[in-house]
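Please look through the sequence and the three-dimensional picture below before reading on. The paragraphs after them are meant to be read with both in view.

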Amino acid sequence: MLQKKITLPLTDADIDSLKAGDRVLLSGTVFTARDAAHKRMIEQEKEGIPFPIDVEGQVIYYTGPTPAKPGEVIGSAGPTTSGRMDLYTPRLLEKGLKGMIGKGYRNEEVKAAIKQHRAVYFGAVGGAAALIARSIKSVEVIAYEDLGTEAIRKLTIENFPVFVVNDAHGGDIYQEGVAQFRQEQ
């Protein structure tokens, strides 16, 4: 299977071309945010405080990287279970977020919002955090430094390996994989 190479930010053409199961190498800028940062962003927005990053057209990677060892850009940077962000994701998609990277299933509301707002959910391989970190070329804390590893960071990535879990057309690699397995039994 071919790997698609995409330079971020995601365009509508990129999103339309992606199908559940596609393997992709991403290069460009992504932002990190986990549940604590998501919760704070949504709570602050309710108070009239804008998000600390403009999510329009952007990709958020659900990770809380460990501190970098001497001579390295970042420590281990594996994906966090995405379902922990499901409560907040539809609002971010409404605001223009175009992609998310994590691991695991998304709920039905998030999958509907992905389709409605023409976005994509990528999976990253859990357990390969040190390998994934090699694709990260620079790191900058952008907001919520007090959250430690859960602070929002700006990452510059190169050939970051992901696969499409949920596409903008309603495709879901997890559901499709289970259905295929059952047919083969």
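What follows is a guided walk through this structure, beginning with a strand and its neighbours and ending with single residues.

This is a predicted model, in which local features need pLDDT of at least 70 and side-chain atom pairs count only at pLDDT 80 or more, while totals for chains, interfaces and linings use all residues. Residues are numbered from 1 along each chain as its sequence is written, and side-chain values use heavy atoms, with hydrogens and water left out.

A record offers a first orientation. An unreviewed UniProt entry carries the annotation "domain: Fe-S hydro-lyase tartrate dehydratase beta-type catalytic" for residues 7–176; UniProt positions are given here in the numbering of this text, feature names are shortened, and annotations may be inferred rather than shown by experiment. Within residues 7–176 the chain is 25% helix and 26% strand, and the C-alpha atoms at the two ends are 27 Å apart. Helices (H or I, at least four residues) and strands (E, at least two) are DSSP runs, numbered from the N terminus.

A good place to begin is strand β2, which spans residues 23–32. Eight of its ten residues are buried, so strand β2 is largely enclosed by the rest of the structure; buried means under 20% relative accessible area, exposed means over 50%, and partly exposed lies in between, with a 1.4 Å probe and protein chains only. Which strands does β2 pair with, given that two strands pair if DSSP finds at least two bridges between them? Strand β1 (residues 3–7) runs parallel to β2 and is joined to it by five bridges, with T7 standing opposite S27 of β2. Strand β7 (residues 152–166) runs antiparallel to β2, and nine bridges join the two; here F31 has K154 as its bridge partner. Strand β3 (residues 59–61) is again parallel to β2, through two bridges, and in this pairing T32 is matched with Y61.

Between β1 and β2 the chain passes through helix α1 (residues 12–17), and the three elements make a right-handed β-α-β unit. A crossover is called right-handed if, with the strands pointing away from the viewer, the path from the first strand over the helix to the second runs clockwise. In the loop between β1 and α1 lies P9, and the peptide bond that leads from L8 to P9 is cis, with omega near 10°.

The aromatic rings come next. Rings of Phe, Tyr and Trp (its six-membered ring) pair if their centres lie within 6.5 Å, and planes under 30 degrees apart count as stacked, over 60 as edge-to-face and the rest as tilted. How many aromatic pairs does a search of the whole structure find? There are two aromatic pairs. The rings of Y61 and F160 have centres 5.2 Å apart and planes at 75°, so this pair is edge-to-face. Because Y61 belongs to strand β3 and F160 to strand β7, the pair ties together parts that are 99 residues apart in sequence, and both Y61 and F160 are buried. Y105 and Y174 form a tilted pair, at 4.6 Å centre to centre and 55° between the planes. This pair links Y105, in the loop between β4 (99–102) and α4 (108–116), with Y174 in helix α6, 69 residues apart. Y105 is exposed, with a relative accessible area of 56%, whereas Y174 is partly exposed at 22%.

Helix α6 (residues 173–184) also holds I173, which at 25% relative accessibility counts as partly exposed. I173 and D22 are 151 residues apart in sequence, yet their C-alpha atoms are 9.1 Å apart in space. Not counting residues up to four places away in sequence, I173 touches A20, G21, F163, V164 and V165, where contact means heavy atoms within 4.5 Å.

Charges over rings form another theme: a charge sits over a ring if NZ of Lys or CZ of Arg is within 6 Å of the ring centre and within 35 degrees of the ring normal. R106 lies over the face of Y121, at 4.9 Å from the ring centre, and the charged end of R40 sits over the ring of Y144, 4.8 Å from its centre. Y144 is found in the loop between β6 (136–143) and β7, is buried at 10% relative accessibility, and has a positive phi near 60° although it is a residue other than glycine.

How values were computed. Two strands pair if DSSP finds at least two bridges between them.
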